[in-house]
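Reader: I am new to this structure. Please take me through one part of it closely: the salt bridges and the residues that form them. Set the scene before you start.

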Amino acid sequence: ARGLRSLGHLASWSGRHADAAALFREAAINERLAGAALGELRSRLLAIAALDEVGDAAARSAATAQRDTVRQLAVGPGGREPRVLYWAGKALARRGDVDGATRLLAA
């Protein structure tokens, strides 16, 4: 999963945001299978950022699905790290989910 995240960062850095999002989502799946909730949350947040850069309708829909998953993971066990709650709340607020962001940041 860490290797996939590294490849995702390289893809994003070179402007291939759709490829980066796919790598970050694959990393999230691997981390879910390994039971690494915090790593999965990080990977999904990175996928959201990459999808936001893509910007087309399909990417916006995929980013919304990722945000919904992030919201669920952030309040569960393993998601209570303050930095992760901050970044998850920021990702929600960036797309207008102020209520969800407020709940996360209050946690």
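**Salt bridges in a helical chain**

Author: Read from start to end, the chain runs α-α-α-α-α-α. That is six helices and zero strands. Keep in mind that this is a predicted model.

Some overall values come before the close look. The chain has 107 residues, and a compact globule of that length would have a radius of gyration near 13 Å; the chain has 13 Å, so the two agree. Along the principal axes, the C-alpha atoms fill a box of roughly 35 × 30 × 20 Å. Buried residues make up 40% of the chain. Take the contacts with a separation of 6 or more: 49% of them are between residues 24 or more positions apart. The accessible surface comes to about 6,000 Å², and carbon and sulfur atoms hold 57% of it.

Now to the charged pairs. Side chains of opposite charge can pair when their charged atoms come close. In this chain the count is nine salt bridges. Three of them are described here, beginning with R32 and E40.

In that pair, the closest N and O atoms are 2.9 Å apart. How exposed is R32? The relative accessible area of R32 is 47%, so R32 is partly exposed. E40 has a relative accessibility of 3%, so E40 counts as buried.

Next come R67 and D52. Their side chains meet in a salt bridge, at 2.9 Å from N to O. R67 sits in helix α4 (residues 57-75) and D52 in helix α3, so the bridge ties together parts 15 residues apart in sequence. R67 has 6% relative accessibility, and therefore counts as buried.

Then there is R71 with D97. Here the closest N and O atoms are 2.2 Å apart. This pair links distant parts of the chain, 26 residues apart. R71 belongs to helix α4, while D97 lies in the loop between α5 (82-94) and α6. What about their exposure? R71 is partly exposed, at 24% relative accessible area. D97 has 22% relative accessibility and counts as partly exposed. Elsewhere, salt bridges that share partners join R32, E40 and R44 into one network.

A polar contact of another residue fits in here. S43 lies in helix α3 (residues 37-54). Is S43 buried or exposed? The relative accessibility of S43 is 0%, so S43 counts as buried. The side chain of S43 makes a polar contact of 2.7 Å with the side chain of E31. Leave out residues up to four places away in sequence, and S43 touches R5, F24, A27, A28 and E31. E31 is thus on both lists for S43: the polar contact and the touching residues.

Finally, turn to a part of the surface without charge pairs. Y86, W87 and L105 form a nonpolar patch there. Together they have about 340 Å² of accessible area. L105 is in helix α6 (residues 98-106). With a relative accessible area of 51%, L105 is exposed; the cut-off for that word is over 50%. Set against it is S43, buried at 0%.

Terms used:
Residues numbered from 1 in each chain as written. Predicted model: local features only at pLDDT ≥ 70, side-chain atom pairs only at ≥ 80, totals over all residues. Heavy atoms only, no water. Patch = residues over 30% accessible without salt bridge, like charges linked within 9 Å, V, L, I, M, F, W, Y side chains within 5 Å. Areas by Shrake-Rupley, 256 points an atom, 1.4 Å probe, with all protein chains shown as cover. Salt bridge = Lys/Arg side-chain N within 4 Å of Asp/Glu carboxyl O. Helix = DSSP H or I, 4+ residues; strand = E, 2+ residues; numbered from the N terminus. Buried < 20%, exposed > 50% of the residue type's maximum accessible area, 1.4 Å probe, protein only. Polar contact = N/O pair within 3.5 Å; in protein donor to acceptor, adjacent residues only side chain to side chain. Contact = heavy atoms within 4.5 Å. Rg over C-alpha atoms; globule rule 2.2 N^0.38 Å.
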